[in-house]
Amino acid sequence: MQCPPDFVGVSAVAGLGSVIGRQVGIRPQAHTDWTVIANEWGLIVGRPGVMKSPAMNEALAPLRRLEAKAREENQAALSAYKKSLAEYRLRQKAAKSAAQQKLKGSPNADLSDLLPGEEPEEPQARRFIASDCTYEALGDILANNPNGVLAFRDEMVALLRTLDREEYAAARGFFLTGWNGTDGYTFDRIIRGHLHIEGVCISMLGSTQPGRLAEYIGRARQGGAGDDGLIQRFGLMVWPDQPSEWRNVDRTPDYDARQIANTTFERLSALSLLGTSAEPDPYGRGYFLRFDQPALEEFTAWREALEHRLRAGDLHPALESHLSKYRKLVPGLALINHLADFGAGPVSQTATSRALKFADYLESHARRAYAAGLHNDVAPAKAILDRIRKGDLTDGFTARDIYQRDWSNLSDHKQVQAGLNLLVDLDWLSDEELKTGGRPKVIYHINPLTLR
C-alpha cells in the first residue's frame with residue numbers, strides 16, 4: 001500500500017488491546033489498586049486517498065477472523081439451543097398436565113418434583129468489533145460481552161460532532177465511561193427495561209482528515225460539550241507525513257507473517273490467566289499484573305517527569321489534558337507489549353521501555369494535531385489571500401462567495417469564517433455590515449497592501 005506504517009501499527013495495537021480487554025489489567029504502582037485496562041483509542045489522520053481505510057482494514061483482519069469464527073460457533077450453539085428449548089417446552093407442558101391431575105386429588109399437594117427446571121438461555125455470539133457505534137447498540141453488545149469490544153468508525157470526527165450535540169449527552173457520557181474500561185453503566189429504558197453493564201470497556205479506532213480534526217480541536221478548546229476531554233482520550237493519534245515516492249509493488253503476501261498475526265490475536269483473545277501468572281483481586285474485581293522492579297523504577301521516573309510537566313503551566317490546556325491521559329496510555333501499551341511477546345509474570349522493563357518510546361513518538365503527533373487545531377484559522381486565511389491575489393475574489397466579496405466554490409481549504413463554512421476573522425484582525429481585510437431587512441449581510445473590503 002506504501003502508506004505510512006503508523007496507519008497499520010496504530011490499528012494493530014488498538015486491535016490487540018481490545019482482545020485483551022478486561023481479561024487482565026495492569027496495576028502501575030507497587031501497592032495501590034489503581035488498575036489500567038489495555039483498551040486504547042486510535043485516530044489516524046491523513047488526506048483523502050492516502051490508504052487510511054485499507055490499512056486499518058488489513059490490520060484488523062485477524063480481529064474480523066475472530067468475529068467470523070465466533071459467529072460460526074454461535075450458529076452451532078443456536079441449533080443445540082433450539083432443540084433444548086423445544087424439549088423444555090414439552091416437559092413444561094407435560095408437567096402442567098401432571099400438576100393439574102395431582103391437584104385434583106390433593107389441592108395442597110407438593111408440585112416441586114414436577115417442575116421442568118430452568119429454561120435454557122439463548123447463546124450469544126462473542127463480539128470483537130462493532131461498526132454500529134450508537135451507544136444503544138454498543139450497550140447491547142457489551143451486556144453480552146463483558147470483555148469489551150472495538151468500536152470502528154471510518155470517519156471518527158463525524159461521530160464526535162454528533163456526540164457534541166446536547167441531545168446526545170447521555171451517549172457522550174457512555175463513551176467517556178467506556179474509555180476507563182472499569183466502570184459500570186446502567187440503561188433504564190422505557191421500552192426495553194433495565195440493563196446493567198458491570199464494566200463498560202470500549203476500544204476505538206477510526207480516521208479523519210487534517211482539516212476536520214483541526215476544526216474540531218479548535219472548537220473543543222473554546223469550551224462547551226467538546227471541551228470535556230473526549231478528543232484527548234485518543235492517545236493513539238497519528239498524523240504522519242505521506243511518502244513522496246511511489247513504486248509499483250506486486251508480490252505474494254507474506255502468509256507466514258499473516259499466520260503469526262492471526263495466532264497472536266487468537267491467543268490474546270483467550271488468555272490463560274494462570275499462564276500469565278495474573279493475580280486475582282481480593283474483592284473479585286478481575287485479574288492484574290504489576291511491573292517488575294526495573295520496569296517500575298523506569299515507569300515511576302517517567303511519571304514523575306510527566307506530572308511536573310503537567311503542573312508547570314507551560315502547556316496549552318488542550319494539550320495538557322491530552323498528555324495527562326498518558327497515565328493510562330503507557331501502562332496499557334506496556335501490558336500489550338508484554339502479553340503479545342508471550343510475557344508471563346510481572347510486566348518487563350523491555351515491554352515498558354518500548355511503551356515509553358512509543359509515547360514519546362505519539363506526543364510529537366499530538367503536538368502537530370493540537371498546533372493545527374489551535375491555529376486552525378491560519379490555513380484558510382492564507383488560502384483566502386491566495387485567491388485575492390489571483391483575482392478570484394474582488395472588493396466587496398462575502399463569505400458565501402468563498403465556501404460555495406469548494407476551493408481547497410475553503411469548503412467548510414466555519415473554517416472560512418475563522419480565516420476571514422483573522423484577516424480582519426490583521427487589517428488585511430475590513431468587514432462592513434449591511435442592513436437588509438432580515439439577517440445583516442457582511443461584505444469584506446480588501447486592503448490595497450494585500451495585493452502586493
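**How do you know? Reading a predicted chain**

Biologist: Thr-264 sits in helix H8, residues 255-269. Is it buried or exposed there, and how do you know?

Modeller: Keep in mind that this is a predicted model. The relative accessibility of Thr-264 is 16%. Buried means under 20%, so Thr-264 counts as buried.

Biologist: What does Thr-264 touch, leaving out residues up to four places away in sequence?

Modeller: Thr-264 touches Leu-16 and Ala-340. Contact means heavy atoms within 4.5 Å.

Biologist: And what makes the link from the Thr-264 side chain to Ile-260 a polar contact?

Modeller: The side chain reaches the backbone oxygen of Ile-260 at 2.8 Å. The cut-off is within 3.5 Å for a suitable pair of N or O atoms, so 2.8 Å passes.

Biologist: Let's try another threonine. Thr-300 is in helix H9, residues 293-311. Why is Thr-300 called partly exposed?

Modeller: Its relative accessible area is 33%. Buried stops under 20% and exposed starts over 50%, so 33% lands in between, and Thr-300 is partly exposed.

Biologist: Where does the Thr-300 side chain reach?

Modeller: To the backbone oxygen of Leu-296, at 2.7 Å. Again, the limit is 3.5 Å, so this pair counts too. As for distance across the model, the C-alpha atoms of Thr-300 and His-316 are separated by 24 Å, with their places 16 residues apart along the chain.

Biologist: Now cysteines. How many disulfides are there?

Modeller: The count is 0. Take Cys-133: the nearest cysteine sulfur belongs to Cys-201, and it is 15 Å away. A disulfide needs two sulfurs within 2.5 Å, so Cys-133 is in no disulfide. Looking from the other end, Cys-201 has the sulfur of Cys-133 as its nearest, at 15 Å, and is in no disulfide either.

Biologist: Are those two cysteines buried or exposed, and what makes you say that?

Modeller: Cys-133 has a relative accessible area of 5%, and Cys-201 comes in at 2%. The buried label needs under 20%, so Cys-133 is buried and Cys-201 is buried.

Biologist: What about Ala-171 in helix H6, residues 169-180: buried or exposed?

Modeller: Buried, because its relative accessibility is 4% and the cut-off is under 20%. Not counting residues up to four places away in sequence, Ala-171 touches Tyr-135 and Leu-163.

Biologist: Let's talk strands. Why is strand E2, residues 41-45, described as largely enclosed?

Modeller: Because 5 of its 5 residues are buried. Trp-41, Leu-43 and Val-45 point one way, while Gly-42 and Ile-44 point the other way, and all are buried.

Biologist: How do you know that E2 pairs with strands E7 and E8?

Modeller: Count the bridges. E2 and E7 (residues 202-208) share 5, in the parallel sense. E2 and E8 (residues 236-238) share 3, also parallel. Pairing needs at least two bridges, so E2 pairs with E7 and with E8. Ile-44 stands opposite Ser-207 in E7, and Leu-43 has Met-237 as its bridge partner in E8.

Biologist: There's also an open sheet of 3 strands, in the order E1-E10-E9 with mixed pairing. What makes E1 and E9 edge strands?

Modeller: E1 (25-27) and E9 (279-280) each have a single partner strand, so one side of each is left without a neighbour in the sheet. E1 pairs with E10 (residues 287-290) in the parallel sense over 3 bridges, and Arg-27 stands opposite Arg-290 there.

Biologist: One more. Which residues have the most contacts inside the largest nonpolar core?

Modeller: Phe-174, Phe-175 and Ile-231, in a core of 97 residues. Helix H11 (residues 326-340) gives the most to this core, with 9 residues. Beyond its neighbours within four places in sequence, Phe-174 is in contact with residues including Tyr-135, Leu-142 and Phe-187. A second, separate core has 19 residues, among them Ile-388 and Leu-429.

Biologist: And how much of the chain is buried overall?

Modeller: Buried residues make up 46% of the 452 in the chain. The chain has 15 helices and 12 strands.

Terms used: Residues numbered from 1 in each chain as written. Predicted model: local features only at pLDDT ≥ 70, side-chain atom pairs only at ≥ 80, totals over all residues. Heavy atoms only, no water. Helix = DSSP H or I, 4+ residues; strand = E, 2+ residues; numbered from the N terminus. Buried < 20%, exposed > 50% of the residue type's maximum accessible area, 1.4 Å probe, protein only. Polar contact = N/O pair within 3.5 Å; in protein donor to acceptor, adjacent residues only side chain to side chain. Core = buried A, V, L, I, M, F, W, Y, C linked by side-chain atoms within 4.5 Å.
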